[in-house]
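Reader: I have a new structure to look at and would like some help reading it. Could you walk me through a few features, one at a time?

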Amino acid sequence: MIFTYVLHGENRIYTVSTSYNNLLSNEKHDGMLDRIIQETFRRAGLECMIVYRQTDQSLFDVNAGLLDAEINRIAGMEASFPNLLHLTEPNMTMHFVAFAKREFPIDGWRSIRNLNVGVVRGWKILEWHTDGFPKVVYVPTEKELFRMLDLGRLDIALYSKLTGYAALREYKYQNIRHLEPPLESQEMFLYLHSKNSHLIPGLDAALKSMKNDGSYDRIVRETLDRYLGHERSD
């Protein structure tokens with residue numbers, strides 16, 4: 001039996017901002033999080049539309065109330081964006097790693113401080129942890145990030161392990177791998193503008209129901225098989 005938590009009187013389409021263009025979310029709206037968030041809203045008796053924003057603009061637009069929600073961020077965004085609230089049920093766990101063409105010893109963030117480091121601008125957790133590093137390059141997308149790494153202009157590229165391997169496969173880089181252990185692993189959440197705080201209980205319950213009935217795992221499995229096949233790395 002599919003759980004549905006209906007909010008009576010709701011008759012609008014909520015805009016959910018995404019800055020991904022990969023297996024998590026994309027213009028076809030068939031990424032892992034696209035499907036999870038759309039089904040979460042549906043089970044809550046709501047309708048959503050996923051719209052693309054640049055990584056460094058997405059949170060600002062949601063915080064300003066121009067959009068209703070942000071698809072996937074770590075907890076703590078409300079410290080810098082006071083109009084944001086997140087669900088208590090996480091979307092996923094994201095592993096943040098260093099990608100490289102050769103080995104470097106990894107033992108926490110301090111171990112990479114003096115390397116030539118690349119970061120996609122707008123990935124707040126990576127910006128925070130590399131703040132003050134002497135040799136950090138900020139790029140607009142993962143395409144530039146991995147191209148610079150491939151050309152030897154970076155020692156390491158910081159990114160999510162799962163989406164990093166999807167990008168490497170898309171751009172056909174075969175000589176780049178992640179380094180162990182992860183620098184950090186974090187649960188990720190759907191954020192809402194505070195004007196939509198009344199939606200949180202229903203969305204939380206809907207997302208939890210997906211995990212309980214196996215539909216969440218099915219979406220994850222289907223997405224990884226479609227994008228990564230035998231190269232699944234998360």
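Author: Happy to. Keep in mind that this is a predicted model. Let's begin inside, with the largest cavity: its lining splits into 8 nonpolar, 4 polar and 3 charged residues.

Reader: What is the volume of the largest cavity?

Author: About 130 Å³. Of its 15 lining residues, Tyr20, Asn72, Arg73, Trp123 and Met188 are the closest to the centre. Strand S3 (69–74), S5 and H3 each give two or more residues to that lining, and S3 gives the most, with 4.

Reader: And pockets? Which residues line the second largest pocket?

Author: A pocket is open, while a cavity is one the probe cannot get out of. Here the second largest pocket, with a volume of about 160 Å³, is lined by Asn21, Asn22, Leu23, Asn26, Ala166, Ala167, Glu170 and Tyr227. By class that makes 4 nonpolar, 3 polar and 1 charged. Helix H5 gives the most to this lining, with 3 residues.

Reader: Let's stay with H5, then. How many of its residues are buried?

Author: To judge that, look at relative accessible area: under 20% counts as buried. H5 covers residues 161–171, and 8 of its 11 residues are buried, so by that cut-off the helix is mostly covered. Among the buried ones are Leu162, Tyr165 and Leu168, as well as Ala166 and Ala167, two residues that also line the second largest pocket.

Reader: What covers the buried residues of H5?

Author: The cover includes strands S5 (92–100), S8 (156–160) and S9 (177–193), together with helices H4 (142–150) and H7 (215–227). Just after H5, look for lysine 172, which takes a positive phi of about 65°.

Reader: Now the strands. How many bridges join S6 to S7?

Author: There are 4, and the two strands run parallel. For one pair to find on screen, glycine 118 has valine 137 in S7 as its bridge partner. Between the strands, the chain goes from S6 through helix H3 (residues 124–130) to S7, making a right-handed β-α-β crossover.

Reader: I've clicked on tyrosine 138. Is that residue buried, exposed or partly exposed?

Author: Between the 20% cut-off for buried and the 50% cut-off for exposed, a residue is partly exposed. Tyrosine 138 has a relative accessible area of 31%, so it is partly exposed. This tyrosine sits in strand S7 (residues 136–139).

Reader: Which residues does tyrosine 138 touch?

Author: Leaving out residues up to four places away in sequence, tyrosine 138 touches Val119, Arg121, Glu127 and Thr130. Glycine 122 is 16 residues from tyrosine 138 in sequence, yet their C-alpha atoms are 9.0 Å apart in space.

Technical notes:
Residues are numbered from 1 along each chain as its sequence is written. This is a predicted model: local features need pLDDT of at least 70, side-chain atom pairs count only at pLDDT 80 or more; totals for chains, interfaces and linings use all residues. Side-chain values use heavy atoms; hydrogens and water are left out. Buried means under 20% relative accessible area, exposed over 50%, partly exposed in between (1.4 Å probe, protein chains only). Contact means heavy atoms within 4.5 Å. Two strands pair if DSSP finds at least two bridges between them. A crossover is right-handed if, with the strands pointing away from the viewer, the path from the first strand over the helix to the second runs clockwise. On a 1 Å grid over the protein atoms alone, a cavity is a set of points where a 1.4 Å probe fits but cannot get out, and a pocket is an open set with protein on both sides within 12 Å along at least five of seven lines; lining residues have an atom within 4 Å of a point. Grid points are joined across faces, edges and corners, and a volume is the space filled by probe spheres set on the points. Ala, Val, Leu, Ile, Met, Phe, Trp, Tyr, Cys and Pro count as nonpolar, Asp, Glu, Lys and Arg as charged, and the others, Gly among them, as polar.
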